[in-house]
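Reader: I'd like a close look at one part of this protein rather than a tour of everything. Could you take me through the sheet and whatever packs around it?

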Amino acid sequence: MVSSKSNAQRLAAMLLAETWTEESLCKGLRRALGSLAPRSQVNLVREVLASSTTEYPPSPRHLGQLIEKSRHFATIEEVFQRHAREIPLTLQPPCFAPAEPFVGLSIPHIATAGDLAAWLDMSIAQLDWLADTRRQQKRAHVAPLQHYVCTFVPKSDGRPRLLEAPKSRLKVIQRRILREILDAVPVHPAAHGFVRGRSSITGASIHASEELVLTLDIANFFSAVGQNRVHALFRALGYPWSVARLLTSLCTTVTPLSVLTSPDVARMDWHARNLLVGPHLAQGAPTSPALANLLCWRMDQRLSGLANRFDAAYSRYADDLAFSGGASFAGQASSFANAVHDIVRDEGFALNHRKTRRMYRQNQQRVTGIVVNAHVNVPRGEYERLRATLHNCVRNSPKTENRERKADFRAHLDGRIAWVENLNPQRGARLRAVFDRIAW
């Protein structure tokens, strides 16, 4: 005789093979169970949907537990036993079923781990190794067995920042996930970093010619995003639990113990170190900026609403939050900043208060390094230093000015000039004229 737990799991498999709507779930049960206990079938579906906390199905195990506790399930079991029948075992795979906001997106419909492996053109064993769902990489002490290359770079305050760059095979997979799945999902209008058609310039221009510009910084932006939030996003996009788990594991990492015990990590603050212990977005992975942007949707929505209440403008470039407004906003800056802090904390992030800046019109106002007092512009000091470098290149030689030993100093200067041209075409034209006189 089949146990109640097994029967509940059988019903869970039936429901997961259908689109997550009442009509579809009821039809699926009726198709599998027939005409026995029809009212209990409908009531069970309604109870499961009411018990679910998301717009997408829960995990198979959790759904089975929900069903097993239901009195309507008990009625179905009793009716089947009375008719000497068993609840059938379904072999149909879970269904690709996006939540309402994501219906109609042009993304691949992947229902099983085998489908995902085929889409990525690899075997199940290769997929399991690269996804590392059991997080065995955490204990891999030999660099060739690790999927990420870990390096430390200094922050502005001198503390180390950990960069975790995926190796070539995993990077190719992440780029495909980015290109064919994540890029198809719209981000909030306030997000300007890593978004096609937007940039630091478009984000900064929103705050030009205002009485007060307030900027705040989110601490440990990428590592603060854990795997549960990433998994929830892939589930909402429509991917069944097991597929979402694999996609999540391909896009997140756990820092190896050999790195966590290094002297550089010991110099980090406690909060930064603690975030690296669990699965998180890697700063250096192609998918991390897009995932972070999508997972900040609700925070962006709340901060936009807050800014509107204070008659202010809001933009976000990765971890940089910027707000601006007139005299009324300036007079309420303290209470506004406190409200921002509460929202950011409520959304699972923390602010780096040492980087909070209040910039009034009589002083230089900057957003992501761009001057916005009257219009977007390059900071005068930066412009003057670049102009001096170019003149010295003309008088002496480029080699004498390449003190940082740039591999392609010409391309480096050309890029810096292009940046000025985007912000201030007149200044950019003057720099370009000097650049053209350099004897390379």
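Author: Here is a walk through the sheet, then the helix over it, the aromatic side chains, the core and the cysteines.

Keep in mind that this is a predicted model. The sheet is an open one with four strands, in the order 6-7-3-8, and the pairing is antiparallel. Strand 6 (312-317) and strand 8 (357-360) sit at the edges with a single partner strand each, so one side of each has no neighbour in the sheet. On average, neighbouring strands here are turned by 15° against each other, if you ignore direction.

Let's zoom in on the strand 6 end. Strand 6 runs antiparallel to strand 7 (residues 320-325), and six bridges join the two. Within that pairing, Y314 stands opposite F323 in strand 7. Keep those two aromatics in mind, since they come back below.

Now for the helix. Helix 16 (residues 297-309) lies across strand 6 and strand 7, and runs at about 155° to strand 6. A handy residue to look at is S304, which is in helix 16. What does S304 touch, leaving aside its neighbours within four places in sequence? The contacts are H188, A190 and Y314. S304 has 16% relative accessibility, so it counts as buried.

Back to the aromatics. Y314 and F323 belong to one aromatic cluster together with F310, F329 and F336. Across the whole structure, a search finds nine aromatic pairs. One of them is F221 with F222: the ring centres are 5.3 Å apart and the planes are at 55°, so this pair is tilted. F221 is buried at 5% relative accessibility, and F222 is buried too, at 12%. The pair made by F329 and F336 is edge-to-face, with 5.0 Å centre to centre and 85° between the planes. Both F329 and F336 are buried.

F323 also leads us into the nonpolar core. The largest such core has 76 residues, and F323 is among those with the most contacts inside it, along with I177, F234, L237, Y239 and L321. Take I177: leaving aside neighbours within four places in sequence, it is in contact with W119, L182, F234, L247, L250, C251 and T287. L247, L250 and C251 are also among the buried residues of helix 11. Helix 11 (residues 241-251) is mostly covered, with eight of its eleven residues buried. The rest of that buried set is V243, A244, L246, T248 and S249.

Since C251 has come up, a word on cysteines. How many disulfides does the structure hold? It holds zero. The sulfur of C251 is 16 Å from the closest cysteine sulfur, in C296, which is too far for a bond. C251 is buried, with a relative accessible area of 0%. C26 tells a similar story: its closest cysteine sulfur, in C95, is 15 Å away, again too far for a bond. C26 counts as buried as well, at 17% relative accessibility.

One last stop, away from the sheet, is a loop residue. A97 is found in the loop between helix 5 (71-82) and helix 6 (113-119), yet A97 counts as buried at 4% relative accessibility. Setting aside neighbours within four places in sequence, A97 is in contact with T19, W20, R235 and G238. The C-alpha atom of A97 is separated by 9.8 Å from that of E55, 42 residues apart along the chain.

Terms used:
Residues numbered from 1 in each chain as written. Predicted model: local features only at pLDDT ≥ 70, side-chain atom pairs only at ≥ 80, totals over all residues. Heavy atoms only, no water. Pairing = 2+ DSSP bridges. Axes fitted to C-alpha atoms, helices over the stretch in contact; angles between N-to-C directions. Contact = heavy atoms within 4.5 Å. Buried < 20%, exposed > 50% of the residue type's maximum accessible area, 1.4 Å probe, protein only. Disulfide = S-S within 2.5 Å. Core = buried A, V, L, I, M, F, W, Y, C linked by side-chain atoms within 4.5 Å. Phe/Tyr/Trp six-rings, centres within 6.5 Å; stacked < 30°, edge-to-face > 60°.
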